[in-house]
Amino acid sequence: MKLDMLKKDRQKLGLETVLVMQGGGSLGAYECGVYKTLTKHNIKFDIVAGTSIGAVNAAIIAAHHDDKDSAKELEKFWLDIAEIIVPIPSSYSPFFSDETRAIMSSASSALYGNPKVFMPLWFKPSSSYLSYRLPYPLFDIAPLKNTLNNYVDFTKLKDSGRPRLIMTSTDIQTSNTVVFDSKYVNIDVDHVVASVGFPFYGIAWTKKDGKCLWDGALQSNTPLREVIDSSPIHDKIVYLINIFPRYQKELPQDMFEAWHRARDIIYTDKTDNSIRMSKVISRYLFLLREMHELLMIRNSEYHDAKLENRFQRMEHEYTKLALLRGAIIREIVRIERSEKTHFLFEDADFSVVTTRKLIKQGEEDAERALKIKSSND
């Protein structure tokens, strides 16, 4: 492809608007609330990306049925999988605090699973019970496949006007990130569940395309880097939902609180370095473009065969760097979840009360983030 054609094509390219969603189990209901607010403000996405529960949310957004509203379908999904564990909201009873409800709901999930998401396998006979080993897997996510099929039509991903879907998982044997991109892959429900197998909770891996795959969060819980690698030409405006609090004032007081805070640190958004590098690269690319233009002018004045060969080689490298890999993050809007109660297994609380509270919190936090964005524009 000729350089001048690439330049013209690059100039015609508009900004891509990207939504990036993290993994976090039942905390994915917060992402649902954020998305409701973003759509209410008529923000359209060219790419929706996610890993783990973020991949589930992204799949529903990108592949919802034609006659359905994506935000309403996503909320319907979350209320569909929510369970009545503690029917009394904590505001009506001092005996059922947020932490108490989370403990009871997560304990119920561990023992009985969730009939529309994951099924326990502990009741199956296993020789491992007779030894020191804990059997694996503890849960099967086949129910999630059945539930997703009620909300998505993956054939719609190829329709014009649909956002591009990008999901990530982790190859167990090679440790490599595996990216599923609807632009190149005919994504189906197995690709989605392949992004959801979180081993620390005993969720089974998925075998897909000859690979045994675990949760993409093991490599990166915020798959922005994978989005940039998959779409390296367009500059981007990114809306990023950070489920795990970046900042916590209170210090841990026991081992469970220590594990909780460590978990948050491991899975919170860490894309600041990628954004800084994007800005540095943009300055380098600008300088490279200026040098390239000056050298081309000089080369047109002095014709030398050896020099011409060197310019042709430089032209090739410049094309790859400045035009084919030159995407810049122009703006990033973060919607960050905060929490008053710190509980290690809060991401396994699928109770109806908590699900509704998370959706509402996501809506309110997104409204605040958009107001800040508007005031800065």
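**Exercise 1.** Sort the lining of the largest pocket by residue class.

*Solution.* Fix the classes: Ala, Val, Leu, Ile, Met, Phe, Trp, Tyr, Cys and Pro are nonpolar, Asp, Glu, Lys and Arg are charged, and the others, Gly among them, are polar. The lining then splits into 26 nonpolar, 7 polar and 3 charged residues. This is a predicted model, where local features need pLDDT of at least 70, side-chain atom pairs need 80 or more, and totals for chains, interfaces and linings use all residues. Residues are numbered from 1 along each chain as its sequence is written, and side-chain values use heavy atoms, without hydrogens and water.

**Exercise 2.** Find which residues lie nearest the centre of the largest pocket.

*Solution.* A pocket is an open set of points on a 1 Å grid over the protein atoms alone, where a 1.4 Å probe fits, with protein on both sides within 12 Å along at least five of seven lines; lining residues have an atom within 4 Å of a point. Here 36 residues line the pocket. Nearest its centre lie Phe198, Phe200, Tyr201, Asp347 and Ala348.

**Exercise 3.** Sort the lining of the second largest pocket by class.

*Solution.* Its residues comprise 4 nonpolar, 4 polar and 13 charged.

**Exercise 4.** Decide whether Thr170 is buried or exposed, and find the partner of its side chain.

*Solution.* Buried means under 20% relative accessible area, exposed over 50%, partly exposed in between (1.4 Å probe, protein chains only). Thr170 has 6% relative accessibility, so it is buried. A polar atom of the Thr170 side chain lies 2.9 Å from the backbone oxygen of Asp215.

Definitions and conventions: A polar contact is a pair of N or O atoms within 3.5 Å; within protein, one must be able to donate a hydrogen and the other to accept it, and residues adjacent in sequence count only if both atoms are side-chain atoms.
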